[in-house]
Amino acid sequence: MQLTYLGHSSFLLKTKVSTLLFDPFISPNSLVNEVRKNALDPAAMANLDPANIKCDYVLLSHGHEDHVADAEAILKRTGAKVVSNFEIVSWYAAKGITNNHPMNLGGRWTFDFGRVKYVPAIHSSGLPDGAYGGNPGGFVIQADGKTIYYSGDTALSYDMKLIAEEFELDYAIMCIGDNFTMGPKDVLKASDFVNCNNVIGMHYDTFGYIKIDHSETIKMFESKGKKLTLMNIGETKEL
Ligand code: NI
Ligand code: MN
C-alpha cells in the first residue's frame, strides 16, 4: 500500500480496495501552499489540492481545526465515509453528511479494506464551533497484511503498551512536534511502548510552537537503533 503525506497530520493511505484520508488540514496549511506553489510538476501535487483528493474514507482522530479543516468539503464532494468518534460523526450528520461510521475508544470494526481499532489518545477534542467533540483517539489499521498505528494528537501514555500486546505493528505514525503533543524524547519512549522501531513523524513544523530539528531528531532515533521518517509534503512512500 502507499502512504502520501499531505502535511501536518494528514495522510492518504491507498490500500488495495480503498483510499483512506486522515485528518485533512490542507488548504489552511501554509507549508502545503508553499510546496504547491514551488512544485516543478503540479500534476504530481494533485493530492495537495483538497478539491482534487480522491478517497473512500475520511478518518478523523479528534475535532480540532488542525485535523478537520477540509473534512466537510471533501466529504460532501466525494461522498466518502467519515469514521470517527460518535460525537464528531454526529456533528457531520447534522451538516447533512450521513455516510458515516461512528466508533468509540476501544472499539473495532471491519471495513472493506481491513480492520480499524479506535484507540485512546491523551489530548482534548473541541470542534471548531465549540461543540463537544467527544474523546480524542488514534487508529490501528490492519490492511493488505500490514498493521499501522496512527496516534492522533496524544501525550505519551502507558496505555500504548496495550497496543504492543495486541498488535505487531509495521509502522507507527506518531505526533512528534512537542508543545501540544509528544515531543521527540517521548516518541522514542512511545516507540518502545508500542514495540515498533519504524516511526513516521507527524504534527511538526506547521506552526512556530512545533518546529523540530529534523537531522538532530533523526539522529536521536538512529542512536537507539530506530528509524524515524519525516516525509516531505506531497511525498509518497510504499509501505
Ligand atoms: Ni489537537
Ligand atoms: Mn493538533
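This is a short tour of one structure, stop by stop, with a residue or element to select at each. Keep in mind as you go that the model is predicted.

**Stop 1: the metal ions**

Start by selecting the nickel ion (ligand 1) and showing the side chains around it. You'll find four residues reaching in: H62 through NE2, H64 through ND1, H123 through NE2 and D153 through OD, at 2.2 to 2.3 Å. Try the angle tool on those donor atoms: among the four donors the angles run from 86 to 175°, and the site counts as irregular. If you like to follow things along the chain, the donors are spaced as H-x1-H-x58-H-x29-D.

Now add the manganese ion (ligand 2) to your selection. What distance separates the nickel ion from the manganese ion, and which residue coordinates both? The two ions are 3.0 Å apart, and D153 is the residue that coordinates both.

Stay here and colour H123 and D153. H123 sits in the loop between β8 and β9 (137-143), while D153 is in the loop between β10 (146-150) and α5, so here is a link between distant parts of the chain, 30 residues apart. Switch on the surface and compare the two. H123 is partly exposed, with a relative accessible area of 25%, whereas D153 is buried, at 2%.

**Stop 2: the largest pocket**

Next, select Q2, T4, L12, L13, K14, T19, A46, N47, N52, K54 and T236 together. These residues line the largest pocket, and the space inside is about 210 Å³. Which strand gives the most to this lining? That's β2, with three residues. Both β1 (2-5) and β2 (11-14) supply at least two residues each. Colour the lining by class and you'll get three nonpolar, six polar and two charged residues.

**Stop 3: the second largest pocket**

Move on to the second largest pocket, which holds about 180 Å³ of space. Its lining has 15 residues, and the ones closest to the centre are V119, P120, D159, L162 and I163, so those five make a handy selection. To see where the lining comes from, highlight β8 (114-120) and α5 (160-166), the elements that give two or more residues. α5 gives the most, with four residues. By class, this lining has nine nonpolar, three polar and three charged residues.

**Stop 4: aromatic rings**

Now show the aromatic side chains. A pair of aromatic rings is described by the distance of the centres and the angle of the planes. How many aromatic pairs does a search of the whole structure find? There are 14.

Select Y57 and F111 to look at one of them. The rings meet edge-to-face, 5.5 Å centre to centre with 80° between the planes. Y57 lies in strand β4 (residues 57-59) and F111 in the loop between β7 (108-110) and β8, so this pair ties together parts that are 54 residues apart in sequence. Y57 is buried, with a relative accessible area of 7%, and F111 is buried too, at 9%.

Then jump to F180 and Y209. This pair is edge-to-face as well, at 5.7 Å centre to centre and 90° between the planes. F180 is in the loop between β11 (171-175) and α6, and Y209 is in the loop between β12 and α7, so the pair ties together parts that are 29 residues apart in sequence. Is Y209 buried or exposed? Y209 is exposed, with a relative accessible area of 60%, while F180 is partly exposed, at 40%.

Before leaving the rings, select Y5, F11, F22, Y118, F139, Y150 and Y204 as a group: they form one aromatic cluster.

**Stop 5: two backbone spots**

Finish with the backbone. Select N195, in the loop between α6 (184-193) and β12 (198-202). Its phi is near 55°, a positive value in a residue other than glycine. N195 is exposed, with a relative accessible area of 58%.

Your last selection is D205, in the loop between β12 and α7 (214-222). Phi is positive here too, near 75°, and again the residue isn't glycine. D205 is buried, with a relative accessible area of 16%.

Conventions. Residues are numbered from 1 along each chain as its sequence is written. Chains are lettered from A and ligands numbered from 1 in the order in which they are written. This is a predicted model: local features need pLDDT of at least 70, side-chain atom pairs count only at pLDDT 80 or more; totals for chains, interfaces and linings use all residues. Side-chain values use heavy atoms; hydrogens and water are left out. On a 1 Å grid over the protein atoms alone, a cavity is a set of points where a 1.4 Å probe fits but cannot get out, and a pocket is an open set with protein on both sides within 12 Å along at least five of seven lines; lining residues have an atom within 4 Å of a point. Grid points are joined across faces, edges and corners, and a volume is the space filled by probe spheres set on the points. Ala, Val, Leu, Ile, Met, Phe, Trp, Tyr, Cys and Pro count as nonpolar, Asp, Glu, Lys and Arg as charged, and the others, Gly among them, as polar. Donors are N, O and S atoms within 2.8 Å of the metal (3.2 Å for Na, K and Ca); water is not among the atoms, so sites may look incomplete. Four donors count as tetrahedral if all angles lie between 85 and 135 degrees; four count as square planar and six as octahedral if opposite donors are over 155 degrees apart and all others between 65 and 115; anything else is irregular. Buried means under 20% relative accessible area, exposed over 50%, partly exposed in between (1.4 Å probe, protein chains only). Rings of Phe, Tyr and Trp (its six-membered ring) pair if their centres lie within 6.5 Å; planes under 30 degrees apart count as stacked, over 60 as edge-to-face and the rest as tilted.
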